[in-house]
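This briefing is an introduction for a reader who is meeting the structure for the first time. Please look over the sequence and the model before reading on.

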Amino acid sequence: MAQKTMAVLGTGVIGNGWIARFLASGHQVHAFDPDPGAKEKTEKMIDDIWMTLEEYGISDEAAKENLTFYETLEEAVKEADLVQENVPEQEALKKKVLAQVDAAAKPTAIIASSTSGYMPSVLQEDCENHPERVVVAHPFNPVYLIPLVEIAGGKQTERSYMEKAEKMYEDMHMKPLVMKGEIDGHIGDRLMEAIWREGLHIVNDGVATTEEVDKAIVYGPGLRWALMGPFLTLHLAGGKDGMRHMLEQFGPALKLPWTRLVAPELTDELSEKVISGTAEQSGDVPIEDLEHRRDRFLIKLMALLEEEGFWPAERLLSYDRK
């Protein structure tokens, strides 16, 4: 992929993850964040994970020196081929920033929001110049390793910009999921939120601790989901007749009151259960060490997924039983 210029607005966890992904892919990165300490925080983060990026695989053109911080948003975006917005999840703030980007970026630039919740139709409302190039490109943490990016267009988005964004992310070894429509929370977060709500109810009711809830996922469905996802996993649960038999046998259970679709009230008592539970799980291990452990695991897991080559469907037919 030819070197491009990527602008990153907002350098928190997600923004810095994008910076790392862009740098590892050999691109120039122009960053802006009003926090006076942002540059130092980002540089430290990049230094800390650079060996991890090298292990994962980086471009021959990859260099930490390709990162430049700018004093203003306008300077950061004016030469960008892709602008990745990562400001806090506040509708008014995001719309204001995206409107500023629309006014300052070159007409051919893609404007992508990392929003985890807002729909692109809402975010592009105040863009008066080229709202057709505004998309949602929602990643997952850590962005520099997790390949999924959900791409969604709004009512004014032109399909060509979504296709252009898809190709750009693919060239950075990501797995773009181009949505056929737009919904609040997109796809991945809505699924995670469902489990998160159930987990909070289970902890709140005293049925299990945070550690026990995590074990229930890690040593159970999580192992299967990592390869096949929930639908194909249940397809196998139906035996030789697959999903048809699974729905006939277990479909009636969907009417049983097992789940609680509404989150429990986040009382002080529940908050303390969750905070103390995760603190006990992690013990004295610093967050940075937990992040490194997570990253090492993800690299091994993604290598295994690549080795299995389980997607798309035609590759299933050639799967060599061992």
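**Briefing on the predicted model**

L98 counts as buried, because its relative accessibility is 0%. The chain to which the residue belongs is a predicted model, and its secondary structure comes to 13 helices and eight strands. The points below begin with the chain as a whole and then turn to single residues, grouped by topic.

**The chain as a whole**

- The chain has 322 residues, and a compact globule of that length would have a radius of gyration near 20 Å, so the 21 Å of this chain agrees with that expectation.
- Taken along the principal axes, the box filled by the C-alpha atoms of the chain is roughly 60 × 50 × 40 Å.
- Among the 322 residues of the chain, 39% count as buried, while the surface that the chain exposes amounts to about 18900 Å², with carbon and sulfur atoms supplying 56% of it.
- When contacts with a separation of 6 or more are considered, 71% of them are made by residues that lie 24 or more positions apart in the chain.
- The chain carries 34 positive and 56 negative charges, and the mean positions of these two sets are 6 Å apart.

**L98 and T5, two buried residues**

- L98, the residue with which this briefing opened, lies in helix α4, which covers residues 91-104.
- Apart from residues up to four places away in sequence, L98 touches E85, I111, L123 and C127.
- L98 and L9 are 89 residues apart along the chain, yet their C-alpha atoms are separated by 9.9 Å.
- T5 lies in strand β1, made up of residues 5-9, and T5 counts as buried because its relative accessibility is 15%, which is under the 20% limit for that class.
- Not counting residues up to four places away in sequence, T5 touches Q28 and H30, as well as E79, A80, D81 and L82.

**Y169 and S121, two buried residues with polar side-chain links**

- Y169 has its place in helix α6, and with a relative accessible area of 1% the residue is buried.
- The side chains of Y169 and Q84 are joined by a polar contact of 2.7 Å, and Q84 also appears among the residues in contact with Y169 once neighbours within four places in sequence are left aside.
- The other residues in contact with Y169 on that basis include W18, L82, A112, A137, V149, I151, M174 and P176.
- Y169 and F22 are 147 residues apart in sequence, whereas the distance from C-alpha to C-alpha is 9.7 Å.
- S121 is found in helix α5, which spans residues 120-123, and S121 is buried, since its relative accessible area is 10%.
- From S121 the side chain reaches the backbone nitrogen of K155 at 2.7 Å, and K155 is also listed, together with G154 and E182, among the residues in contact with S121 when neighbours within four places in sequence are left aside.

**I202, a partly exposed residue**

- I202 is found in helix α7, and with a relative accessible area of 32% this residue is partly exposed, since that class lies between the 20% limit for buried and the 50% limit for exposed.
- Leaving out residues up to four places away in sequence, I202 touches V207, A208 and V213.
- The C-alpha atoms of I202 and E212 are separated by 10.0 Å, and the two residues are ten residues apart along the chain.

**Backbone features in loops**

- The peptide bond that runs from N141 to P142 is cis, with omega near 0°, and P142 lies in the loop between β6 (134-138) and β7 (148-153).
- H173 is a residue other than glycine with a positive phi, near 60°, and H173 is found in the loop between α6 (159-170) and β8 (175-178).
- H186 likewise is not a glycine and has a positive phi of about 60°; H186 lies in the loop between β8 and α7 (188-204).
- Which of the two classes, buried or exposed, applies to H173, and which to H186? H173 counts as exposed because its relative accessibility is 61%, whereas H186, at 1% relative accessibility, counts as buried.

Technical notes:
Residues numbered from 1 in each chain as written. Predicted model: local features only at pLDDT ≥ 70, side-chain atom pairs only at ≥ 80, totals over all residues. Heavy atoms only, no water. Helix = DSSP H or I, 4+ residues; strand = E, 2+ residues; numbered from the N terminus. Buried < 20%, exposed > 50% of the residue type's maximum accessible area, 1.4 Å probe, protein only. Polar contact = N/O pair within 3.5 Å; in protein donor to acceptor, adjacent residues only side chain to side chain. Contact = heavy atoms within 4.5 Å. Rg over C-alpha atoms; globule rule 2.2 N^0.38 Å. Areas by Shrake-Rupley, 256 points an atom, 1.4 Å probe, with all protein chains shown as cover. Lys, Arg positive; Asp, Glu negative; His and termini not counted. Charge placed at Lys NZ, Arg CZ, Asp CG, Glu CD.
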